[in-house]
Amino acid sequence: MGITPQTNTTLKELANALLECDYIQICGHTSPDGDCIGSQLAMKLALESLGKKVDVLLALKEPAPKSFDFLKGFDDLTYAGHVKQTADGFLMIDTPNNKRMGYAASKKKDVTPKTFTLDHHAERERATQLTYTDTSAASTTLLVWELLDYLGAKKTADIAFCCYAGLATDTGNFQYQNADTRAFKAATEMVQLGAVPHIVSENVYMRKSLASYVLQNKVIQNMEIFADGAGAISTITHEEFKETGATKADYDSMINVLRSLDGTKIVAMAREEKTFVKVSFRALGDYDMRKVAGHFGGGGHKGAAGAVIEEPLEIVVDLVKQEIERALNEEDAVD
């Protein structure tokens, strides 16, 4: 898709508007991943190098994933509710709407009109004064990397590490369909300037807790294969998740267990919360997960998307299976 309709600025204009602010708060989405954290920290380092005061906020009162604690500035991530000052600029990063910013959305309301969005997720409505969204970017850190040139900030090794971590995370360590020429070109620049791929991989992909293995075992036990092996779904109930002792960060990688199963084309993970079920979708090949998730009011990227469904878990499973089978049949018919 590339630049989306809600985009109303350029990277150059966004950089100039940020430079007009003295104190900027930066917040990403709830349950932040490597792209979200990497984007926040890279922007913090860049803006601080230009003399700006910057706070990086967590949308919810829960710790950021420890696997990213090797990134410069990680310890500065602070729950938005603990930051009392009012900024003159607010940057939503790696999130397209207020719903995914938790408590931090209320902080943004105090900062008018200097609010900004930098993202690669499509959204129907604009959430800030200035919005730049490019869905063709493999990660938001890739957009940050490109924005740095317009800010006039030096691309240091620490910033390169942050941006590379986000790029690696959102491309599945360069295994997903979005790992394109643009992504590899930026990754090469990041490595040339100090990012070390094996350090990122060791921290992001090789620091698994015992609880995550317990959770993985439960995911495999609950897995159901359908559509002649082309579809797979697994579930985790609220109680099962609590019993494993795993964190949400541990859970985020579980869908790859299904995705790596030979023969699958579309897979889904359904995690039960108290009042809803959060479903994640992944695809191998040319299947559009935005369309699948959109059927349930969700969204995301072509190869990876998600939705929140306010139905009992067993009903959600049936609904998701039906939609996956429909998507498989539609694509097969086109082929």
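**Around helix H5, and on to helix H8**

Phe174 has a relative accessible area of 17%, and because the cut-off for a buried residue is under 20%, Phe174 counts as buried. This value, like the others below, was computed from a predicted model. Phe174 sits in the loop that joins H5 to H6, and its phi is near 65°, which is a positive value in a residue other than glycine. In the stretch just after H5 there is also Gly172, whose phi is positive too, at about 60°. From this loop we can step back into helix H5 itself.

Helix H5 runs over residues 157–170, and its 14 residues, at 1.5 Å a residue, should span 20 Å; the C-alpha atoms at its two ends are indeed 20 Å apart, so expectation and model agree. How many of the residues of H5 are buried? The helix is mostly covered, with 12 of its 14 residues in the buried class. Among them are Phe161, Tyr164 and Leu167, together with Cys162 and Cys163. The buried residues of H5 pack against four helices, namely H2 (34–49), H4 (140–151), H6 (181–192) and H7 (197–205).

Some of these neighbours can now be taken in turn. Two packed helices are described by the angle between their axes and the distance between the axes. For H5 and H6, the angle is about 150° and the axes lie 9 Å apart. Angles over 145 degrees count as roughly antiparallel, and therefore H5 and H6 are described as roughly antiparallel to each other. The crossing of H5 past H6 is left-handed. At this contact, Ala160, Cys163, Tyr164 and Leu167 of H5 meet a set of residues from H6 that consists of Ala183, Ala186, Ala187, Met190 and Val191.

The packing of H2 with H5 can be read in the same manner, with an angle of about 160° and a separation of 8 Å between the two axes. That angle makes H2 roughly antiparallel to H5, and H2 passes H5 in a left-handed crossing. The residues that H2 brings to this contact include Gly34, Gly38, Leu41 and Leu45, while those that H5 brings include Ile159, Cys162, Gly166 and Asp170. Ahead of H2, in the loop that follows strand S1 (23–27), lies Ser31. Ser31 has a positive phi of about 50° although it is not a glycine, and at 14% relative accessibility Ser31 is classed as buried.

What is the angle at which the axes of H5 and H7 cross? The crossing is at roughly 55°, and the axes come within 10 Å of each other. H5 and H7 are therefore oblique to each other, and the crossing in which H5 passes H7 is right-handed. Here Phe161, Tyr164, Ala165, Ala168 and Thr169 of H5 meet Pro197, Ile199, Val200, Val204 and Tyr205 of H7. Val204 is also touched by Ser67, which in addition contacts Asn203 and Arg207, when residues up to four places away in sequence are not counted. Ser67 belongs to the loop between strand S2 (53–58) and strand S3 (78–79), and with 17% relative accessibility Ser67 counts as buried.

We come next to helix H8, which covers residues 210–221. At 1.5 Å a residue, the 12 residues of H8 should span 16 Å, and its end C-alpha atoms are 17 Å apart, which agrees. Which residues of H8 are buried? They are Ala211, Ser212, Leu215 and Val219. Seen down the axis of H8, these buried residues fall within an arc of 100°, so they line one face of the helix. On the other side of H8, Leu210 and Gln221 are exposed. The cover over the buried residues of H8 includes two strands, S8 (231–236) and S9 (266–272), as well as the helices H9 (238–244), H10 (248–252) and H11 (255–259).

A last step links Ser212, one of the buried residues of H8, to the loop between H4 and H5, where Gly152 lies. Gly152 has a relative accessibility of 56% and therefore counts as exposed. Gly152 and Ser212 are separated by 60 residues in sequence and, from C-alpha to C-alpha, by 41 Å in space.

Definitions and conventions
Residues numbered from 1 in each chain as written. Predicted model: local features only at pLDDT ≥ 70, side-chain atom pairs only at ≥ 80, totals over all residues. Heavy atoms only, no water. Expected span 1.5 Å × (residues − 1). Buried < 20%, exposed > 50% of the residue type's maximum accessible area, 1.4 Å probe, protein only. Arc of directions from axis to C-beta. Contact = heavy atoms within 4.5 Å. Axes fitted to C-alpha atoms, helices over the stretch in contact; angles between N-to-C directions. Parallel < 35°, antiparallel > 145°, perpendicular 65-115°, else oblique. Left-handed = near helix turned anticlockwise from the far one by under 90°.
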